[in-house]
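Colleague: Can you walk me through this one? I'm new to reading structures, so keep it plain.

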Amino acid sequence: MPRITTIERFILDRQPEYAKGDLTALLYDLALAAKVISHKVNRAGLLDILGEAGAVNVQGENQQKLDVYADGVIYRLCDHTGRLCIMASEEHEDPLTIPDHYEKGPYVLVYDPLDGSANIDTNVSIGTIFGIYRCLDWTTRGRIEDILQPGRNLVAAGYILFGSSTMMVYSTGQGVHGFTLDPDIGEFLLSHENMTLPEPPQYYSVNAAYFDRWVAPVQQYFRWLQGRDGSDAPDLSARYIGSLVADFHRNLLKGGVFCYPAEINKPVGKIRLLYEAAPLAFLIQQAGGYASDGKRSLLDIVPTTAHQRVPFYIGNRLLVEKVEALLAEAVVR
Ligand code: AFP
């Protein structure tokens with residue numbers, strides 16, 4: 001019989017002795033949040049049949065949108081544990097402080113509770129993204145400075161994919177590891193140890209409907225990815241779900257590049273730096289790849305606001321460096 005490793009066992013075994021406290025427990029809190037959210041996501045279609053959103057459920061509670069629900073689950077599982085000094089969520093304009101009556105802890109949690117939630121109605125995969133930083137000043141209760149840290153300071157990051165199965169993928173800087181939820185026993189089991197980006201890559205992922213909105217070097221890059229105009233790119237096929245976690249996960253397993261470029265009228269792009277781009281940039285680096293805003297490593301960008309957006313290129317290094325080269329060439333010319 002093959003060896004079965006639960007996420008709890010794996011996290012405990014892998015952490016160095018000094019980190020077997022708060023960080024380990026925080027990751028486990030997130031795994032628990034993943035199970036709670038997964039249960040709800042799997043019933044989303046059913047809930048639609050049983051009652052419209054906004055209707056009152058059997059407990060007499062108003063039904064919430066799933067992203068609001070997921071946000072509440074993560075916050076409520078993490079606010080009272082004494083492991084965090086502050087949180088930031090895609091769902092909240094301002095940072096989420098730890099209530100004064102709870103102890104504060106040494107870590108900062110940033111998260112997008114349910115990315116791609118527009119896809120729920122069509123039963124397409126969605127996901128949660130998270131990043132964990134150290135609190136900069138351990139004597140205070142958590143300030144905006146603790147949140148506005150570059151991706152390079154991340155101590156851990158990961159995502160939960162709610163797809164045909166639910167997976168949690170994370171890294172604490174010692175490789176990227178994936179766990180699949182066995183719904184019968186309610187446990188995440190190790191299914192993908194030490195994930196690394198395969199070579200040669202198989203896919204490029206970009207919303208090509210926006211081609212006319214891109215600057216010329218990005219259009220040139222797109223043609224290069226397609227193998228046109230004498231391109232020396234590897235042979236790639238196109239895949240785009242429009243759900244970042246799902247697109248990222250597929251490309252992590254198969255190799256490729258995901259792009260959400262700047263647009264002429266939207267020079268910052270769409271993807272959020274703090275709780276979407278930076279955690280995935282941390283993971284891709286651990287998997288042997290690279291992430292960039294088109295000019296520099298995404299991990300070097302220091303956010304100035306919690307909800308800042310960035311142009312986003314992530315995947316196999318060669319594919320991401322090509323867009324940097326084309327954009328740099330255009331500046332020189
Ligand atoms: P939503 O949270 O508004 O659904 O946006 C999801 C997302 O940020 C990311 O998951 C996708 O990769 C990207 O948007 C898709 O955007 P386009 O629909 O513009 O291609």
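Colleague: How many residues of strand β1 are buried?

Modeller: Six of its six residues are buried, so strand β1, residues 84-89, is mostly covered. Keep in mind that this is a predicted model.

Colleague: Take one residue there. Why does Cys85 count as buried?

Modeller: Its relative accessibility is 0%. Buried means under 20%, so Cys85 qualifies.

Colleague: Which sense of pairing do β1 and strand β3 have?

Modeller: Parallel. Five bridges link β1 to β3, which covers residues 107-115. For one position, Ser89 stands opposite Tyr111 in β3.

Colleague: And β1 with strand β2, parallel or antiparallel?

Modeller: Antiparallel, over two bridges. Strand β2 is residues 96-97. Ile86 has Thr97 in β2 as its bridge partner. The two strands, β1 and β2, form a hairpin, with six residues between them.

Colleague: What holds paired strands together in general?

Modeller: Strands of a sheet pair through backbone hydrogen bonds, in a parallel or antiparallel way.

Colleague: New topic. What is the strand order in the five-stranded open sheet?

Modeller: The order is β10-β9-β11-β15-β13, and the pairing is mixed. The edge strands are β10 (237-238) and β13 (290-292). Each of these edge strands pairs on one side only.

Colleague: How many bridges join β9 to β11?

Modeller: Three. Strand β9 is residues 203-205, strand β11 is residues 256-260, and they run parallel. Tyr203 has Gly256 as its bridge partner in β11.

Colleague: Which strands does helix α6 lie across?

Modeller: Helix α6, residues 216-225, lies across β9, β11 and β15. It runs at about 155 degrees to β11. Helix α8, residues 273-286, lies across β13 and β15. The angle of α8 to β15 is about 25 degrees.

Colleague: Back to cysteines. Is Cys259 buried or exposed?

Modeller: Buried, with a relative accessible area of 3%.

Colleague: How many disulfides turn up in the whole structure?

Modeller: Zero, from a search of the whole structure.

Colleague: Let's try a loop. Where does Gln149 lie?

Modeller: In the loop between α5 (144-147) and β5 (156-162). Gln149 counts as buried because its relative accessibility is 3%, and the cut-off for buried is under 20%.

Colleague: What does Gln149 touch?

Modeller: Leaving out residues up to four places away in sequence, Gln149 touches Tyr133, Arg134, Leu136, Leu274 and Pro303. There is also a polar link to Asp146: a polar atom of the Gln149 side chain lies 2.8 Å from the backbone oxygen of Asp146.

Colleague: Now the backbone. Which peptide bond is cis, the one from Glu199 to what?

Modeller: The one from Glu199 to Pro200, with omega near -5 degrees. Pro200 sits in the loop between β8 (187-192) and β9.

Colleague: What is the phi of Asn123?

Modeller: About 60 degrees, a positive value although Asn123 is not a glycine. Asn123 is in the loop between β3 and β4 (126-134).

Colleague: Why does Asn123 count as exposed?

Modeller: Its relative accessible area is 74%. Exposed means over 50%, so Asn123 fits.

Colleague: And Asp229, where does that lie?

Modeller: In the loop between α6 and β10. Its phi is near 55 degrees, a positive value in a residue other than glycine. Asp229 counts as exposed, at 64% relative accessibility.

Note on methods: Residues numbered from 1 in each chain as written. Predicted model: local features only at pLDDT ≥ 70, side-chain atom pairs only at ≥ 80, totals over all residues. Heavy atoms only, no water. Pairing = 2+ DSSP bridges. Helix = DSSP H or I, 4+ residues; strand = E, 2+ residues; numbered from the N terminus. Contact = heavy atoms within 4.5 Å. Axes fitted to C-alpha atoms, helices over the stretch in contact; angles between N-to-C directions. Disulfide = S-S within 2.5 Å. Buried < 20%, exposed > 50% of the residue type's maximum accessible area, 1.4 Å probe, protein only. Polar contact = N/O pair within 3.5 Å; in protein donor to acceptor, adjacent residues only side chain to side chain.
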